[in-house]
Amino acid sequence: MSFQKEGKQAEEQTSIHRIRITLTSTNVKSLEKVCSDLIEGAKKKELKVFGPVRMPTKVLRITTRKTPCGEGSKTWDRYQMRIHKRVIDLRSPSEVVKQITSISIEPGVEVEVIVADN
């Protein structure tokens, strides 16, 4: 009995957090590279990794007239920007996350880290 209680106390000191890393970018290649680097680093530390979960792509569209004055044929330009998003869930102590996220992040990739208790 006493051994189990000591084990629980040691576990409480190194509390394991649920960590959610959200990556967003307009460039898919750089996003996937950062995602794979994060997962590779987490697996080297022997952490539980859930993901990457691919969230739906947001498409921002703008349609505008080509002519500045409004005369002439009614032709339109269509522009769009796609925003890709990946979510990775980890279960680890919060100190380890700093080591994992210290990888080189590609330009144009935004990283958001949310730490929650169990």
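**Buried and surface positions in the predicted model**

At 7% relative accessibility, V97 counts as buried, because the cut-off for that class is under 20% relative accessible area. The structure described here is a predicted model, and V97 is placed by it in helix 3, which covers residues 94-100. When residues up to four places away in sequence are left aside, V97 is in contact with I19, S92 and V113. One of these partners, I19, is 78 residues apart from V97 in sequence, whereas the C-alpha to C-alpha distance between V97 and I19 is 8.2 Å.

A second buried position is T22, whose relative accessibility is 9%, and which belongs to strand 1, formed by residues 17-25. With residues up to four places away in sequence again not counted, T22 touches K85, R86 and V87 as well as E110, V111 and E112. Of these contacts, V111 is part of strand 4, spanning residues 110-116, and V111 is classed as partly exposed because its relative accessibility is 33%, a value that falls between the limits of under 20% for buried and over 50% for exposed.

On the surface, V111 joins I105, V113 and V115 in a nonpolar patch of about 280 Å². The residue V113 thus appears both in this patch and among the contacts of V97, just as V111 appears both in the patch and among the contacts of T22.

Regarding aromatic side chains, the count of aromatic pairs comes to zero under the pairing rule applied, in which ring centres must lie within 6.5 Å. A charged group is nevertheless found over a ring, as R65 lies over the face of W76 at 5.7 Å from the ring centre.

Key: Residues are numbered from 1 along each chain as its sequence is written. This is a predicted model: local features need pLDDT of at least 70, side-chain atom pairs count only at pLDDT 80 or more; totals for chains, interfaces and linings use all residues. Side-chain values use heavy atoms; hydrogens and water are left out. Rings of Phe, Tyr and Trp (its six-membered ring) pair if their centres lie within 6.5 Å; planes under 30 degrees apart count as stacked, over 60 as edge-to-face and the rest as tilted. A charge sits over a ring if NZ of Lys or CZ of Arg is within 6 Å of the ring centre and within 35 degrees of the ring normal. Patches are made of residues with over 30% relative accessible area and no salt bridge: like charges are joined within 9 Å, nonpolar side chains (Val, Leu, Ile, Met, Phe, Trp, Tyr) within 5 Å. Accessible areas come from the Shrake-Rupley method with a 1.4 Å probe; for residues, only the protein chains shown count as cover. A salt bridge is a side-chain nitrogen of Lys or Arg within 4 Å of a carboxyl oxygen of Asp or Glu. Helices (H or I, at least four residues) and strands (E, at least two) are DSSP runs, numbered from the N terminus. Buried means under 20% relative accessible area, exposed over 50%, partly exposed in between (1.4 Å probe, protein chains only). Contact means heavy atoms within 4.5 Å.
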